[in-house]
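Biologist: I am new to this structure and would like to go through it with you step by step. Could you show it to me before I begin with my questions?

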Amino acid sequence: MIRSMVMENKFLLIRDLHVKVGDKEILRGLNLDINRGEVHVIMGPNGAGKSTLANVLMGNPKYEITKGEIVYEGKVLNDMKVDERAKLGIFMSFQYPEEIPGITVENFLRSAKMAIEDKPIKVMEFKKVLKEKMKLLEMKEEYAQRYLNEGFSGGEKKKSEILQLLILNPKLAILDETDSGLDVDAVKIVAKGVKEHKSEENSIIIITHHNNLLEYLNPDYVHFLVDGRIVKSGDISLIDIVEKEGFESFKN
Amino acid sequence: MDVDISRKTYVEDIDRGIYDIRNEFKYSYKVEKGLTEKIVREISEKKNEPEWMTEFRLKSLEIYNKLDVPVWGPNIDELDIENIVTYVKPRTDMKYSWEDVPEDIKETFTRLGIPEAEHKSLAGVGAQYDSEVVYHNLKDYLAMKGVIYTDMETAVREYEDIIKKHFMTVVPPSDHKFAALHGAVWSGGSFVYIPEGVHVDIPLQSYFRLNAPGAGQFEHTLIIVEKGAFLHFIEGCSAPKYSVNNLHAGCVELIVKEGARLRYSTIENWSKNMYNLNTKRAVVEKDGTIEWVSGSFGSKVSMLYPMSILKGERARAEFTGITFAGNGQHLDTGAKVVHTAPYTTSSINTKSISKDGGVAVYRGALVITENAHHSKSTVSCESLMLDNKSRSDTIPVMDIRNDEVDIGHEAKIGRISDEAIFYLMSRGISEEEAKAMIVRGFVEPIAKELPLEYAVEMNNLIKLELEGTIG
């Protein structure tokens, strides 16, 4: 009873989460608490389960929860459909966003925004907002009329993800390797976008190998994810440990 | 100016239901089922044709009897010509005003939006009901410029020399069994003649409606676009559904003269008891252009491969096609291009969707003769299968006899990926809408080539067809 009251007050609670992909168990008892308005960084070696965590929070049906719970604003997410999670304010920036030919960025984003807000949005009104956000991300206006991610470079795809973040304005944003493969200038622009989104209402989970993005954002917490569990949590000073020692000492 | 022409026509959204409204089967005359010399003579006599046409029909019948049914394509064993009525004359002569067309037939075309489209955005309309054209009209200003747009029967009488010279020369009856059948029992269709230099600024449209059960429709379309002239011709076809098989074996012959351009758009939405064995071919002279836009949605079996023969230097062919095969449908469609002159270019761009056990096959042929040096051709065909029950295939044949050519070929067969659905759903879009979005996106490059009312119609069809597949 007491536990459930605590859970209701928390923004996001992950308890003893076990997740399988195919036959392979990737997450093995992961625990994580996130409050409203906080920025959390998840770091860890390849294959530790970082992307799995992102996908399972978003509800990718390829990932199966075998044990544990994800509680978001007091609701258990475990069996909730992907689009319903999006409507509750969860967003994931994809490491490798899909290319969707034939659907323009503008039409897609307006459809998504209308789906999430469940009300019609006027074309001209939306154009204005879109133009503004694209300018912030230094995206050429013509991208609004291009097919979603089709033929975009790696950097353009990441910007397109952050554009979607800014338009949809989710309460929980999970950025999966958003800074990987970007040059210094692109990282700056992406960081600018994420900063724009950051607020007392919005929480952000940043999954990364690097501290590229972290130089520009002030994370509240840093967690190490190794072998499917959070093995250490602390403040930004943890990053120095990784820089010096890597994750070796945390492995079993 | 030219750019807009293909998008100018507009009628209200079309609901699929209208295709299935059948009228009571009334007619003034029909021949017996099957195919005999007596029947062929009867058709010719009824039409009061000149001797040479009667002879042409009989010769075609002879060829028909000698040729075998093609076996390389879809199975058409169930099609029994002995059970097809080849000629059904509606209870009216051809009219030049909708007022004079019998009420039930007029109603049919009104539901299909034809008179309204004519009023709003077409230069002329022809409407065929079963075997005969019931309405034909052309705007006066085009008639004054020498444009001819009439039904084939009238053309045989009034423009006998032109018809005699060209009729079934582009597609000879000896081409294949169904071309021969067409030669023997053809009825209705349109004749279009665009004089030198005349630019027809808005499209002409012929609509073919087959209402009679167990019947065949064999309309003949002959279009001649003279030197430097331009025409956009739209062809629409539909039929209500019956439990017996119907047959459509039309023939389209297009002659594009030097520097002329012809855009030929078709949407066929036959009911799913129809065998659509249609032959279309264009001959293009020096600097001429043929543009095909072709949408195949209906029918039980389709075999349709519009062919372009690039006969003069720098002649061009463009083919854009979309095929949507649902439950019980086997749609074997594609395009053929024959380059017989230097510096000729062609591009073929097709998409197909199959679902619910439907079979969509792209079958194409590209021929480049010894003569056709510096020719260029690109072929791109993409297929999307919406489930595991459906089939898709690509059968491209190439016969290249010159080394100095530039050829590109690309074929892709795919399914809707779970990753793409997950991606769209992560932005708040429902699973159904995500699928529809991917399909709409897939056909978008083709949809934008279609005349607007057909693009709207296609989107509606895709929505309706998909609604059935989502559990």
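Biologist: Is Lys81(A) buried, partly exposed or exposed?
Modeller: Please keep in mind throughout that this is a predicted model. The relative accessible area of Lys81(A) is 43%, and the class in between runs from 20% to 50%. Lys81(A) therefore counts as partly exposed.

Biologist: With which residue does Lys81(A) form a salt bridge?
Modeller: Lys81(A) lies in the loop between strand S5 (75-76) and helix H3 (82-87) of chain A, while its partner lies in helix H11 (residues 431-447) of chain B, so the pair joins two chains. That partner is partly exposed, with a relative accessible area of 29%. The closest N and O atoms of the pair are 3.9 Å apart, which falls within the 4 Å cut-off, and the partner is Glu431(B).

Biologist: How many salt bridges does the rule find across the interface of chain A and chain B?
Modeller: Side chains of opposite charge can pair when their charged atoms come close. One pair joining the two chains is Lys81(A) with Glu431(B), and Glu161(A) also forms a salt bridge with Arg427(B), with 2.7 Å between the closest N and O atoms. For the interface of chain A and chain B, the number of salt bridges found is three.

Biologist: What area is buried between chain A and chain B?
Modeller: The size of an interface is often given as the accessible area lost when the parts come together. Here the contact takes 33 residues from chain A and 18 residues from chain B. Carbon and sulfur atoms give 67% of the buried area, and that area is about 1900 Å².

Biologist: Which element gives the largest share of the side of chain A that touches chain B?
Modeller: Across this interface the rule finds eight residue pairs in polar contact, counting pairs with both residues at pLDDT 80 or more. Several elements of chain A each supply at least two residues of the side that touches chain B, among them helix H2 (50-58), helix H4 (105-117) and helix H6 (154-168). The largest share is five residues, and it comes from H4(A).

Biologist: Into which domains is chain B divided?
Modeller: The division, which comes from an automatic or database domain assignment, gives one domain made of two segments, 18-72 and 79-88, and two further domains. In full, chain B has domain 1 (18-72 + 79-88), domain 2 (98-417) and domain 3 (418-471).

Biologist: What area do domain 2 of chain B and domain 3 of chain B bury between them?
Modeller: The C-alpha centres of domain 2 of chain B and domain 3 of chain B lie 26 Å apart, and the contact takes 29 residues from domain 2 and 23 residues from domain 3. In domain 2 of chain B, Ile267(B), Ile416(B) and Ser417(B) lose the most area to domain 3, together 25% of what that side buries. Of the area buried by the two domains, 72% is on carbon and sulfur atoms, and the total is about 2200 Å².

Biologist: Which residues are linked with Arg263(B) in a network of salt bridges?
Modeller: Across the interface of domain 2 of chain B and domain 3 of chain B the rule finds one salt bridge. Arg263(B) forms a salt bridge with Glu449(B), the closest N and O atoms being 3.0 Å apart. The residues linked with Arg263(B) in the network are Arg261(B), Glu291(B) and Glu449(B).

Biologist: Why are Arg41(B) and Glu37(B) separated by about one helical turn?
Modeller: The two residues form a salt bridge, with 3.0 Å between their closest N and O atoms. Arg41(B) is partly exposed at a relative accessible area of 39%, and Glu37(B) is partly exposed at 42%. They are separated by about one helical turn because, in helix H2 (residues 37-46) of chain B, they are four residues apart.

Biologist: What is the phi of His374(B), which is not a glycine?
Modeller: His374(B) is found in the loop between strand S23 (359-368) and strand S24 (375-385) of chain B. At 37% relative accessibility, His374(B) counts as partly exposed. The phi of His374(B) is positive, at about 55 degrees.

How values were computed:
Residues numbered from 1 in each chain as written. Chains lettered and ligands numbered in written order. Predicted model: local features only at pLDDT ≥ 70, side-chain atom pairs only at ≥ 80, totals over all residues. Heavy atoms only, no water. Contact = heavy atoms within 4.5 Å. Buried area = accessible area lost by both parts, 1.4 Å probe. Salt bridge = Lys/Arg side-chain N within 4 Å of Asp/Glu carboxyl O. Buried < 20%, exposed > 50% of the residue type's maximum accessible area, 1.4 Å probe, protein only. Polar contact = N/O pair within 3.5 Å; in protein donor to acceptor, adjacent residues only side chain to side chain.
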